[in-house]
Amino acid sequence: MLVLLTKTAKNLLDTLRKETPKRKNGLFVYRELEALSGLNNFDLINALDYLEEKCLIKQARLNGQESIGVSLTHKGTYYEEIKQIAIKEFLFKSVLVPIAISVLTTAIITFIGFLWGQNAISQKIAEPINTTSQGVNP
């Protein structure tokens with residue numbers, strides 16, 4: 001399924017995706033995120049919550065309580081690739097299949113009409129032609 005992102009969340013996700021390969025564990029602490037993203041604390045927290053809600057990141061917690069940072073999930077790491085697959089699936093299901101069904105239906109109806117017309121013509125040919133004149137007695 002295609003995940004729609006706000007501009008702020010998309011920019012933050014792109015920053016995380018670009019910076020992740022440079023790290024051993026892929027973990028970003030909040031101070032680093034503020035510096036990397038250029039967002040204020042409020043916008044950063046909102047964007048991170050949104051990305052976590054969409055399963056694109058996960059929060060690393062200390063003792064299961066306090067969040068110490070975030071890291072990308074598989075879905076977040078390969079967001080662009082997943083988005084392209086979703087678009088291709090949409091186009092296939094919503095555009096290509098209906099067109100193919102329409103073409104096939106038209107071909108079948110045309111073929112049936114052709115057969116029906118051929119049958120009518122052959123019946124007309126098989127009828128005897130009346131050559132006697134009616135109403136004229138010699």
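Which helix holds both Arg17 and Asp14, and how many residues apart are they? Both residues lie in helix 1, three residues apart, or about one turn of the helix. The legends below return to this pair after an overview of the predicted model.

**Figure 1. Overview of the predicted protein chain.** The chain contains five helices and three strands. Along the sequence these elements follow the pattern α-β-α-α-β-β-α-α. Of the 138 residues, 22% count as buried. The chain exposes about 10,600 Å², and carbon and sulfur atoms supply 61% of that area. Among contacts between residues at least 6 apart in sequence, 51% join residues at least 24 apart.

**Figure 2. Confidence along the predicted chain.** The average pLDDT of the protein chain is 85, and 88% of the residues score at least 70. Among the elements, helix 1 (residues 7–19) has the highest mean pLDDT, at 93. The lowest mean among the elements, 85, belongs to strand 3 (residues 66–72). Where pLDDT is low, the predicted coordinates should not be read in detail.

**Figure 3. The salt bridge between Arg17 and Asp14 in helix 1.** The two side chains meet with an N to O distance of 3.8 Å, which falls within the 4 Å cut-off for a salt bridge. Along helix 1 the partners are about one turn apart. Arg17 has a relative accessible area of 26% and is therefore partly exposed. Asp14 also counts as partly exposed, because its relative accessibility is 27%. Side chains of opposite charge can pair when their charged atoms come close.

**Figure 4. Lys83 and Glu80 in helix 5, and the network that includes them.** Lys83 forms a salt bridge with Glu80, with 3.6 Å between the closest N and O atoms. The two residues are three apart in helix 5, so about one helical turn separates them. Lys83 is partly exposed, with a relative accessible area of 24%. Glu80 counts as partly exposed at 23% relative accessibility. A network of salt bridges links Lys10, Asp14, Arg17, Glu80 and Lys83. The Arg17 and Asp14 pair of the preceding view therefore belongs to the network that also holds Lys83 and Glu80.

**Figure 5. The salt bridge between Arg23 and Glu32.** The closest N and O atoms of Arg23 and Glu32 are 3.1 Å apart. Arg23 counts as partly exposed, at 23% relative accessibility. Glu32 is partly exposed as well, with a relative accessible area of 30%. The count for the model comes to six salt bridges, and the Arg23 and Glu32 pair is one of them.

**Figure 6. Surroundings of Glu19 in helix 1.** Glu19 has a place in helix 1. At 12% relative accessibility Glu19 counts as buried, because this value is under the 20% cut-off. Leaving aside neighbours within four places in sequence, Glu19 is in contact with Phe28 and Leu36.

**Figure 7. The open sheet of three strands.** The strands are arranged in the order 1-3-2, and their pairing is antiparallel. Strand 1 (28–29) and strand 2 (57–62) are the edge strands, each pairing on one side only. Strands of a sheet pair through backbone hydrogen bonds, either parallel or antiparallel.

**Figure 8. The hairpin of strand 2 and strand 3.** Strand 2 and strand 3 are joined as a hairpin with three residues between them. In the turn, Asn63 has a positive phi of about 60°. Six bridges connect the two strands in the antiparallel sense. The bridge partner of Arg61 is Ser67 in strand 3. For Gln59, the bridge partner in strand 3 is Val70.

**Figure 9. A nonpolar patch on the surface.** The patch is formed by Leu2, Leu4, Ile87, Phe90, Leu91, Val95, Ile99 and Val103. Together these residues have about 740 Å² of accessible area. Val103 lies in helix 5 (residues 79–126). Val103 counts as exposed because its relative accessibility is 54%, and exposed means over 50%.

Technical notes: Residues numbered from 1 in each chain as written. Predicted model: local features only at pLDDT ≥ 70, side-chain atom pairs only at ≥ 80, totals over all residues. Heavy atoms only, no water. pLDDT = per-residue confidence, 0-100. Helix = DSSP H or I, 4+ residues; strand = E, 2+ residues; numbered from the N terminus. Patch = residues over 30% accessible without salt bridge, like charges linked within 9 Å, V, L, I, M, F, W, Y side chains within 5 Å. Areas by Shrake-Rupley, 256 points an atom, 1.4 Å probe, with all protein chains shown as cover. Buried < 20%, exposed > 50% of the residue type's maximum accessible area, 1.4 Å probe, protein only. Pairing = 2+ DSSP bridges. Contact = heavy atoms within 4.5 Å.
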